[in-house]
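This report looks at enclosed and open space in a protein model, and then at one charged side chain.

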Amino acid sequence: MSDSYKSDLLLVAVTLLAAVSWIFSKEAILLMPPLLFMALRFLVAGGFLALFAWPSLVRLSSDQFKRGIGVGLVFGVAMSFWVMGLFHGTSMGEGAFLTSLGVVIVPIIARLVFKEAQPASTWLAIPVAIAGLALLSLKNGFKPEAGQIFFVVAATIFALYFTLNTRAANQRTTINRKGESVEKHRIPALPLTAIALLTVGLLTLIESLLMEPWQPTFSNPPPLLIWWVLASAIVGTAGRFLVQTYAQSLSTHSHGAVILVLEPVWVSLFAAGWFGETMAPMQLAGCGLIFAALIVNRWNALSRALRASLRKGKAY
């Protein structure tokens, strides 16, 4: 099997790990405060990855550390809104599709904040995504639920995180205030991920200290709680990022991003099987439009992947 096919299969596994992580997280926050859960989840996951990344971490410059922490702070704010959406939301499947809007918003952030040119497919995807979002909130007469608002805000901040993370992970040249060209060295994926996860853990720990009661959780912890936290941290967070980093190292093709849009589909299926969740026809239509927007947004990568598959088929 070629490295490209291995990469594709591993990325499918990443979407499954991400979807399973929604189940672990939902079970955990039913038993403990949501921000405290995020703190424990990301501190354990970040510490686990830091063990593997230690040789690379000690070689990073102060500028690389600062940029990695900056990425983690934005990621932490996004994850704080995400877990509050999961805590207040009534449908995990719906929440997954709303969160996936971040994929559509990424090019908008890149264009508005960093002046990066974007393909026409990006601007075609936006009205489709907005239509899907409208259908999801129509059941309340255009009065979105608290969980929906948290998920949409999280998706917007995730878009900024994705952009900053990509810039931190790649070599680039910037112009400083004196007009001089400055080389920004890339941060390797594993130490960057470890720094980001640990930063998320510390940020949500501070938030939890300020806003949540800890005594009920630690005075009489439910027996299954530690297992949900460990499963979410090791499998759903550290494991997911390790597999994704390895998969991306096997192939230089960008069509892997298309595979990642499967995550909300898996979440919906798992939520239906695990929690017995269902969606009204209007909600399904809204999720369908959001999924269509994701495909339109990634159409260039998808078309390249299809052409590559056809060429391989003809070669055989």
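## The enclosed cavity

In this predicted model, the count comes to one cavity of 30 Å³ or more, and the space in the largest cavity is about 30 Å³. Its lining is made up of Gly89, Thr90, Ser91, Glu94, Gly95, Leu98, Glu145, Gly147, Gln148 and Phe151. Two elements, α4 (92-99) and α7 (146-168), give two or more residues each to this lining.

Sorted by class, the residues that line the largest cavity comprise six polar, two nonpolar and two charged.

## The second largest pocket

The second largest pocket holds about 150 Å³ of space, and the residues along its lining are Ser91, Gly93, Phe97, Val265, Ser268, Ala272, Glu277, Thr278, Met279, Leu284 and Cys287. At least two lining residues come from each of α4, α12 (263-275) and α13 (281-297), with α12 giving the most, namely three residues.

By class, the lining of this second largest pocket divides into six nonpolar, four polar and one charged residues. Ser91 appears in the lining of the largest cavity and also in that of the second largest pocket, while α4 supplies two or more residues to the cavity lining and at least two to the pocket lining.

## A buried glutamate

Glutamate 207, which lies in helix α8 (residues 189-211), is buried yet has no salt bridge. The nearest side chain of opposite charge belongs to arginine 41, and it is 13 Å away from glutamate 207. When residues up to four places away in sequence are not counted, glutamate 207 touches Leu35 and Ser80.

Definitions and conventions:
Residues are numbered from 1 along each chain as its sequence is written. This is a predicted model: local features need pLDDT of at least 70, side-chain atom pairs count only at pLDDT 80 or more; totals for chains, interfaces and linings use all residues. Side-chain values use heavy atoms; hydrogens and water are left out. On a 1 Å grid over the protein atoms alone, a cavity is a set of points where a 1.4 Å probe fits but cannot get out, and a pocket is an open set with protein on both sides within 12 Å along at least five of seven lines; lining residues have an atom within 4 Å of a point. Grid points are joined across faces, edges and corners, and a volume is the space filled by probe spheres set on the points. Helices (H or I, at least four residues) and strands (E, at least two) are DSSP runs, numbered from the N terminus. Ala, Val, Leu, Ile, Met, Phe, Trp, Tyr, Cys and Pro count as nonpolar, Asp, Glu, Lys and Arg as charged, and the others, Gly among them, as polar. Buried means under 20% relative accessible area, exposed over 50%, partly exposed in between (1.4 Å probe, protein chains only). Lys and Arg count as positive and Asp and Glu as negative; His and the chain ends are not counted. A salt bridge is a side-chain nitrogen of Lys or Arg within 4 Å of a carboxyl oxygen of Asp or Glu. Contact means heavy atoms within 4.5 Å.
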